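Let's take a walk through this structure, ring by ring and then along a helix. Keep the viewer open as you read.

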Amino acid sequence: MTRRSHFQRLLLLAASTTVIAGGAVLPSSAMAATAAPHTAAVTTVASDHDGHRQHGSPTSAKQWVETTDAVSGVKFRLPERPRVMQFTQATDGMNGRLYKVKTNNGVIVFAVFDLPCAKGDLNDGLRGLVDGYNAAVQSSKHKLSSTGVHKITVHGQPALDARLSAPDGASGSARLIAGDDHFIEIISLSPKGKEKPMSETYQKLLASVRNPDAHGTHAG
(Lines give C-alpha, C1' and ligand atoms only; values in the text may rest on other atoms or scores of the structure.)
Protein backbone atom coordinates (compact mmCIF):
# COMPACT_ATOMS: atom_id res chain seq x y z
CA MET A 1 0.00 0.00 0.00
CA THR A 2 1.41 3.43 -0.93
CA ARG A 3 1.95 6.34 1.43
CA ARG A 4 -0.92 8.25 -0.15
CA SER A 5 -3.38 5.41 0.32
CA HIS A 6 -2.24 5.15 3.95
CA PHE A 7 -2.79 8.88 4.31
CA GLN A 8 -6.26 8.90 2.75
CA ARG A 9 -7.31 5.86 4.78
CA LEU A 10 -6.30 7.57 8.01
CA LEU A 11 -8.13 10.75 7.03
CA LEU A 12 -11.24 8.71 6.30
CA LEU A 13 -10.91 7.09 9.70
CA ALA A 14 -10.37 10.44 11.43
CA ALA A 15 -13.36 12.01 9.70
CA SER A 16 -15.62 9.11 10.57
CA THR A 17 -14.94 9.61 14.29
CA THR A 18 -16.33 13.16 14.15
CA VAL A 19 -19.65 13.82 15.87
CA ILE A 20 -22.41 14.92 13.49
CA ALA A 21 -22.85 18.68 13.85
CA GLY A 22 -26.52 18.39 14.78
CA GLY A 23 -25.57 16.46 17.91
CA ALA A 24 -26.15 12.83 16.90
CA VAL A 25 -23.30 10.39 17.47
CA LEU A 26 -22.11 8.50 14.43
CA PRO A 27 -23.46 4.94 14.22
CA SER A 28 -21.07 2.15 15.18
CA SER A 29 -21.36 0.76 11.65
CA ALA A 30 -19.48 3.81 10.41
CA MET A 31 -16.26 2.29 11.72
CA ALA A 32 -16.84 -1.16 10.26
CA ALA A 33 -14.50 -0.74 7.31
CA THR A 34 -11.50 0.30 9.40
CA ALA A 35 -9.98 -0.54 12.73
CA ALA A 36 -11.24 1.54 15.64
CA PRO A 37 -8.60 3.89 17.09
CA HIS A 38 -7.39 3.47 20.63
CA THR A 39 -8.37 5.94 23.34
CA ALA A 40 -5.39 7.67 24.91
CA ALA A 41 -4.84 10.22 27.64
CA VAL A 42 -3.96 13.85 26.99
CA THR A 43 -0.20 14.11 27.25
CA THR A 44 0.13 17.58 28.78
CA VAL A 45 -2.59 19.95 29.90
CA ALA A 46 -2.55 23.34 31.59
CA SER A 47 -5.31 25.77 32.49
CA ASP A 48 -5.77 29.16 30.89
CA HIS A 49 -8.38 31.71 31.92
CA ASP A 50 -9.26 34.66 29.69
CA GLY A 51 -12.07 36.05 31.82
CA HIS A 52 -10.06 39.18 32.61
CA ARG A 53 -10.38 40.44 29.02
CA GLN A 54 -12.55 43.52 28.98
CA HIS A 55 -14.86 42.80 26.10
CA GLY A 56 -14.36 39.07 25.94
CA SER A 57 -16.75 36.81 24.09
CA PRO A 58 -18.64 34.06 25.95
CA THR A 59 -15.97 31.57 24.91
CA SER A 60 -13.12 33.76 26.14
CA ALA A 61 -14.68 33.91 29.60
CA LYS A 62 -14.31 30.16 30.04
CA GLN A 63 -11.35 28.15 31.17
CA TRP A 64 -9.56 26.65 28.19
CA VAL A 65 -7.27 23.62 28.28
CA GLU A 66 -3.81 23.76 26.75
CA THR A 67 -2.77 20.47 25.22
CA THR A 68 0.61 19.33 23.91
CA ASP A 69 0.84 16.61 21.30
CA ALA A 70 3.86 14.81 22.73
CA VAL A 71 5.20 13.37 19.46
CA SER A 72 5.16 16.57 17.39
CA GLY A 73 5.46 19.11 20.20
CA VAL A 74 2.50 21.04 18.77
CA LYS A 75 0.62 23.01 21.43
CA PHE A 76 -2.98 24.22 21.14
CA ARG A 77 -5.92 25.23 23.34
CA LEU A 78 -9.41 23.74 23.41
CA PRO A 79 -12.54 24.91 25.29
CA GLU A 80 -12.37 21.84 27.52
CA ARG A 81 -10.37 18.65 28.05
CA PRO A 82 -10.52 16.64 24.80
CA ARG A 83 -11.21 13.01 24.14
CA VAL A 84 -8.08 11.60 22.49
CA MET A 85 -8.02 8.91 19.81
CA GLN A 86 -4.72 7.17 19.06
CA PHE A 87 -3.86 5.78 15.61
CA THR A 88 -0.96 3.37 15.09
CA GLN A 89 1.09 2.23 12.13
CA ALA A 90 0.40 -1.41 12.88
CA THR A 91 -3.37 -1.09 13.16
CA ASP A 92 -4.31 1.94 11.06
CA GLY A 93 -1.45 2.33 8.58
CA MET A 94 -0.03 5.48 10.17
CA ASN A 95 0.68 6.98 13.57
CA GLY A 96 -1.47 9.90 14.68
CA ARG A 97 -3.52 11.46 17.46
CA LEU A 98 -6.99 13.00 17.22
CA TYR A 99 -8.27 15.37 19.91
CA LYS A 100 -12.05 15.91 19.95
CA VAL A 101 -14.24 18.23 22.01
CA LYS A 102 -18.03 18.43 21.83
CA THR A 103 -19.61 21.64 23.14
CA ASN A 104 -23.12 23.10 23.21
CA ASN A 105 -22.28 24.79 19.90
CA GLY A 106 -20.92 21.80 17.99
CA VAL A 107 -17.68 19.86 17.73
CA ILE A 108 -13.98 20.70 17.38
CA VAL A 109 -11.38 18.22 16.10
CA PHE A 110 -7.60 18.70 16.14
CA ALA A 111 -5.58 15.87 14.58
CA VAL A 112 -1.84 15.38 14.13
CA PHE A 113 -0.54 12.68 11.75
CA ASP A 114 3.12 11.66 11.62
CA LEU A 115 3.49 12.17 7.89
CA PRO A 116 6.59 14.00 6.56
CA CYS A 117 6.56 16.12 3.41
CA ALA A 118 2.81 15.94 2.75
CA LYS A 119 2.69 19.28 0.90
CA GLY A 120 1.18 17.73 -2.21
CA ASP A 121 -1.56 16.00 -0.25
CA LEU A 122 -3.55 19.04 0.91
CA ASN A 123 -6.34 18.69 -1.66
CA ASP A 124 -6.38 14.91 -1.19
CA GLY A 125 -6.62 15.48 2.53
CA LEU A 126 -9.66 17.72 2.19
CA ARG A 127 -11.36 15.18 -0.10
CA GLY A 128 -10.58 12.41 2.38
CA LEU A 129 -12.01 14.45 5.24
CA VAL A 130 -15.30 15.20 3.45
CA ASP A 131 -15.66 11.71 1.95
CA GLY A 132 -14.94 10.03 5.29
CA TYR A 133 -17.50 12.15 7.10
CA ASN A 134 -20.15 11.61 4.43
CA ALA A 135 -19.57 7.85 4.39
CA ALA A 136 -20.57 7.76 8.07
CA VAL A 137 -23.73 9.88 7.63
CA GLN A 138 -27.03 8.09 7.09
CA SER A 139 -29.06 10.97 5.63
CA SER A 140 -28.21 13.06 2.57
CA LYS A 141 -29.29 16.19 4.44
CA HIS A 142 -26.25 15.80 6.71
CA LYS A 143 -23.70 15.31 3.93
CA LEU A 144 -20.96 17.92 3.84
CA SER A 145 -19.53 19.82 0.91
CA SER A 146 -16.49 22.10 0.88
CA THR A 147 -16.50 25.63 -0.54
CA GLY A 148 -14.22 28.65 -0.51
CA VAL A 149 -11.16 26.42 -0.70
CA HIS A 150 -7.92 28.36 -0.85
CA LYS A 151 -4.29 27.68 -0.14
CA ILE A 152 -2.43 29.80 2.39
CA THR A 153 0.82 29.76 4.34
CA VAL A 154 0.70 29.26 8.11
CA HIS A 155 3.91 30.05 9.94
CA GLY A 156 5.90 29.32 6.82
CA GLN A 157 4.15 26.02 6.10
CA PRO A 158 1.74 25.28 3.22
CA ALA A 159 -1.88 25.01 4.33
CA LEU A 160 -5.42 24.92 3.02
CA ASP A 161 -8.57 26.58 4.39
CA ALA A 162 -12.13 25.57 3.49
CA ARG A 163 -15.69 26.18 4.56
CA LEU A 164 -17.91 23.17 5.26
CA SER A 165 -21.70 23.08 4.90
CA ALA A 166 -24.61 20.63 4.72
CA PRO A 167 -28.21 20.92 3.44
CA ASP A 168 -29.59 20.82 6.99
CA GLY A 169 -27.84 24.11 7.81
CA ALA A 170 -24.83 22.63 9.57
CA SER A 171 -21.62 24.48 8.82
CA GLY A 172 -18.01 24.67 9.82
CA SER A 173 -14.42 25.21 8.82
CA ALA A 174 -11.35 23.14 8.10
CA ARG A 175 -7.65 23.95 8.06
CA LEU A 176 -5.04 21.45 6.89
CA ILE A 177 -1.34 22.19 7.46
CA ALA A 178 1.46 20.22 5.79
CA GLY A 179 4.56 20.45 7.97
CA ASP A 180 8.01 18.97 7.44
CA ASP A 181 7.29 16.00 9.69
CA HIS A 182 3.61 16.19 10.61
CA PHE A 183 0.25 16.85 8.97
CA ILE A 184 -2.25 18.85 11.05
CA GLU A 185 -6.02 18.81 10.53
CA ILE A 186 -8.31 21.25 12.37
CA ILE A 187 -12.09 20.99 11.97
CA SER A 188 -15.11 22.77 13.45
CA LEU A 189 -18.74 21.85 12.84
CA SER A 190 -21.89 23.40 14.27
CA PRO A 191 -25.65 22.99 13.76
CA LYS A 192 -27.77 25.74 12.23
CA GLY A 193 -28.01 28.74 14.53
CA LYS A 194 -24.72 28.06 16.32
CA GLU A 195 -22.39 29.32 13.60
CA LYS A 196 -21.24 32.53 15.32
CA PRO A 197 -20.18 31.12 18.71
CA MET A 198 -18.51 28.14 17.05
CA SER A 199 -16.66 30.44 14.65
CA GLU A 200 -15.34 32.39 17.63
CA THR A 201 -14.17 29.16 19.25
CA TYR A 202 -12.51 28.00 16.02
CA GLN A 203 -10.68 31.29 15.50
CA LYS A 204 -9.41 31.24 19.07
CA LEU A 205 -8.17 27.68 18.56
CA LEU A 206 -6.33 28.68 15.37
CA ALA A 207 -4.68 31.58 17.17
CA SER A 208 -3.50 29.30 19.98
CA VAL A 209 -1.57 26.82 17.82
CA ARG A 210 2.16 26.74 18.48
CA ASN A 211 4.18 24.49 16.17
CA PRO A 212 7.89 24.01 16.95
CA ASP A 213 8.55 23.10 13.30
CA ALA A 214 7.03 26.34 11.97
CA HIS A 215 9.31 28.59 9.93
CA GLY A 216 7.71 31.96 10.58
CA THR A 217 5.35 33.91 12.80
CA HIS A 218 2.43 34.93 10.59
CA ALA A 219 -0.17 33.28 8.39
CA GLY A 220 -0.46 34.58 4.87
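Start with Phe76, which is buried at a relative accessible area of 0%. Bear in mind that this is a predicted model. Phe110 is buried too, also with a relative accessible area of 0%.

So what do these rings do with each other? A search of the whole structure turns up three aromatic pairs. In one of them, Phe76 and Phe110 are stacked, with 3.8 Å centre to centre and 10 degrees between the planes. Phe76 sits in strand E4 (residues 75-78) and Phe110 in strand E7 (residues 106-113), so this pair ties together parts that are 34 residues apart in sequence. Tyr99 joins in as well: ring pairs link Phe76, Tyr99 and Phe110 into a cluster.

Now look at Phe87 and Phe113, which form an edge-to-face pair, 6.4 Å centre to centre with 65 degrees between the planes. Strand E5 (residues 83-87) holds Phe87 and strand E7 holds Phe113, so here the parts tied together are 26 residues apart in sequence. Phe87 comes out at 1% relative accessibility and therefore counts as buried, while Phe113 is buried with a relative accessible area of 0%.

Leave the rings and turn to helix H3, residues 122-135. Does its length add up, or fall short? At 1.5 Å a residue, its 14 residues should span 20 Å, and the end C-alpha atoms are 20 Å apart, which agrees. As for its surroundings, 10 of the 14 residues of H3 are buried, so the helix is largely enclosed by the rest of the structure. Among the buried ones are Leu122, Leu126, Leu129, Val130 and Tyr133, and Asp124 and Asn134 are buried as well.

Notes
Residues are numbered from 1 along each chain as its sequence is written. This is a predicted model: local features need pLDDT of at least 70, side-chain atom pairs count only at pLDDT 80 or more; totals for chains, interfaces and linings use all residues. Side-chain values use heavy atoms; hydrogens and water are left out. Helices (H or I, at least four residues) and strands (E, at least two) are DSSP runs, numbered from the N terminus. The expected span of a helix is 1.5 Å times one less than its number of residues. Buried means under 20% relative accessible area, exposed over 50%, partly exposed in between (1.4 Å probe, protein chains only). Rings of Phe, Tyr and Trp (its six-membered ring) pair if their centres lie within 6.5 Å; planes under 30 degrees apart count as stacked, over 60 as edge-to-face and the rest as tilted.
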